[in-house]
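Good morning, colleagues. I should like to take you through one model today, beginning with its charged pairs and ending at its surface.

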Amino acid sequence: MADTDAGSELFGSYEAELKLVQADLNQKLDQIPELAGEPRKSAVRQAERSLEEATELLDQMRIEKQNIPSSTRSKINQRFRNFESDIDASKRKLKDLSSDRKALFGSRYTDDPNTDEQLEQRQQLLSGTDRLDRSSQRLRDSQRIANETEDIGRGTLADLHVQREQIQHTRLTILESEGYVDRSVKTLRGMARRMATNRIITVAIITVLVLLIIGVIYSKFR
């Protein structure tokens with residue numbers, strides 16, 4: 001119970017932090033269309049960092065929601081899917097803003113692929129794309145880890161169920177054995193009582209015979 005409470009609190013903490021990061025990210029995305037040149041590139045880089053931070057928080061929330069009881073996980077899953085949808089929308093919006101090369105590079109933009117400025121622009125665009133790809137890969141890795149963790153949890157629960165049935169079967173066997181032992185003890189006690197009774201009867205018979213023999217001998221020599 002303590003682990004599930006801790007998981008819920010940690011999930012809530014990540015959720016609150018993600019809301020702040022989302023608000024900052026949305027503000028940056030709204031400012032980018034109004035900028036050009038270097039200010040626009042700077043704003044794009046800041047938005048990329050905010051997006052990476054939001055993605056990392058979303059990954060942590062995906063892991064922590066596995067520790068939340070299934071009775072309340074449906075509401076959590078709905079909120080989580082809403083966050084995922086918002087982050088995906090922000091990624092698409094940032095990608096569209098980053099692809100506007102004329103606004104991104106200002107007057108330096110040219111269609112000539114052989115100029116140094118164009119090569120630099122292409123390199124910057126490729127760098128931004130790489131960062132987005134790495135973020136997507138981290139998201140896929142986190143999803144894979146979450147799925148593997150869930151599979152391990154299900155396997156552990158199945159093993160515990162089997163062990164519980166084995167323990168119950170062993171307990172029933174022990175109870176049956178104790179019943180057999182009790183009946184055996186009662187039987188032995190009955191046999192012991194009968195043997196004692198037979199011994200007393202035997203001694204009494206022998207005593208009577210001895211007395212009779214003594215009586216006969218006494219009557220002959222009287």
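Let me begin with a term: a salt bridge here is a side-chain nitrogen of Lys or Arg within 4 Å of a carboxyl oxygen of Asp or Glu. Please keep in mind throughout that this is a predicted model.

With that term in hand, consider Glu15 and Arg79. Their closest N and O atoms are 2.7 Å apart, and the two residues form a salt bridge. This pair links distant parts of the chain, since Glu15 belongs to helix α1 and Arg79 to helix α3, with their positions 64 residues apart. On the backbone, the C-alpha atoms of Arg79 and Glu15 are separated by 9.3 Å. Is Glu15 buried or exposed? Glu15 has a relative accessible area of 8%, so it is buried. Arg79, by contrast, has a relative accessible area of 34% and is therefore partly exposed.

Let me now step back to the overall fold. The protein contains five helices and zero strands. Read from the N terminus, the order of elements is α-α-α-α-α. The protein has 222 residues, of which 24% count as buried.

I turn next to the interior. How many residues does the largest nonpolar core have? It has 22, and the residues with the most contacts inside it are Leu18, Leu29, Ile32, Met61 and Leu94. Three helices each supply at least two residues of this core: α1, spanning 2-31, α2, spanning 37-64, and α3, spanning 70-99. The greatest contribution comes from α2, which gives eight residues.

Two residues of helix α1 illustrate how parts of the chain that are separated in sequence are placed in space. The one is Ser8, which lies in helix α1. Ser8 and Met61 are 53 residues apart in sequence, while their C-alpha atoms are 9.9 Å apart in space. Met61 was named a moment ago among the core residues with the most contacts. Ser8 itself has a relative accessible area of 32%, so it is classed as partly exposed. The other is Leu10, also a residue of helix α1. Between the C-alpha atoms of Leu10 and Asn67 the separation is 9.9 Å, and the two are 57 residues apart along the chain. Leu10 is partly exposed because its relative accessible area is 34%.

Let us return to the charged side chains. As a general matter, side chains of opposite charge can pair when their charged atoms come close. How many salt bridges does a search of the whole structure find? The search finds ten. I shall describe two beyond the pair with which I opened.

The side chains of Arg62 and Asp59 meet in a salt bridge, at 3.2 Å from N to O. Arg62 and Asp59 are three residues apart in helix α2, and therefore about one helical turn separates them. Arg62 has a relative accessibility of 3%, so it counts as buried. Asp59 counts as buried too, because its relative accessibility is 6%. This pair also has a further partner, for Asp59, Arg62 and Glu84 are linked in a network of salt bridges.

The second example is found in helix α5, which covers residues 116-220. Here Glu150 forms a salt bridge with Arg154, and the closest N and O atoms lie 3.2 Å apart. Both residues lie in helix α5, four residues apart, about one turn of the helix. Is this pair set in the interior? The relative accessibility of Glu150 is 33%, so Glu150 counts as partly exposed. Arg154 has a relative accessibility of 46% and is therefore partly exposed as well.

One charged residue is placed against an aromatic ring. The charged end of Lys65 sits over the ring of Phe80, at 5.3 Å from the centre of that ring. As for pairs of aromatic rings, the count comes to zero.

Finally, the surface. Which residues make the nonpolar surface patch of about 460 Å²? They are Ile201, Ile205, Val208, Leu209 and Leu212. Taking Leu209 as one of these, we find it in helix α5. Leu209 counts as partly exposed because its relative accessibility is 47%.

That concludes the presentation, and I thank you for your attention.

Terms used
Residues are numbered from 1 along each chain as its sequence is written. This is a predicted model: local features need pLDDT of at least 70, side-chain atom pairs count only at pLDDT 80 or more; totals for chains, interfaces and linings use all residues. Side-chain values use heavy atoms; hydrogens and water are left out. Patches are made of residues with over 30% relative accessible area and no salt bridge: like charges are joined within 9 Å, nonpolar side chains (Val, Leu, Ile, Met, Phe, Trp, Tyr) within 5 Å. Accessible areas come from the Shrake-Rupley method with a 1.4 Å probe; for residues, only the protein chains shown count as cover. Buried means under 20% relative accessible area, exposed over 50%, partly exposed in between (1.4 Å probe, protein chains only). Rings of Phe, Tyr and Trp (its six-membered ring) pair if their centres lie within 6.5 Å; planes under 30 degrees apart count as stacked, over 60 as edge-to-face and the rest as tilted. A charge sits over a ring if NZ of Lys or CZ of Arg is within 6 Å of the ring centre and within 35 degrees of the ring normal. A nonpolar core is a set of buried Ala, Val, Leu, Ile, Met, Phe, Trp, Tyr and Cys residues joined through side-chain atoms within 4.5 Å.
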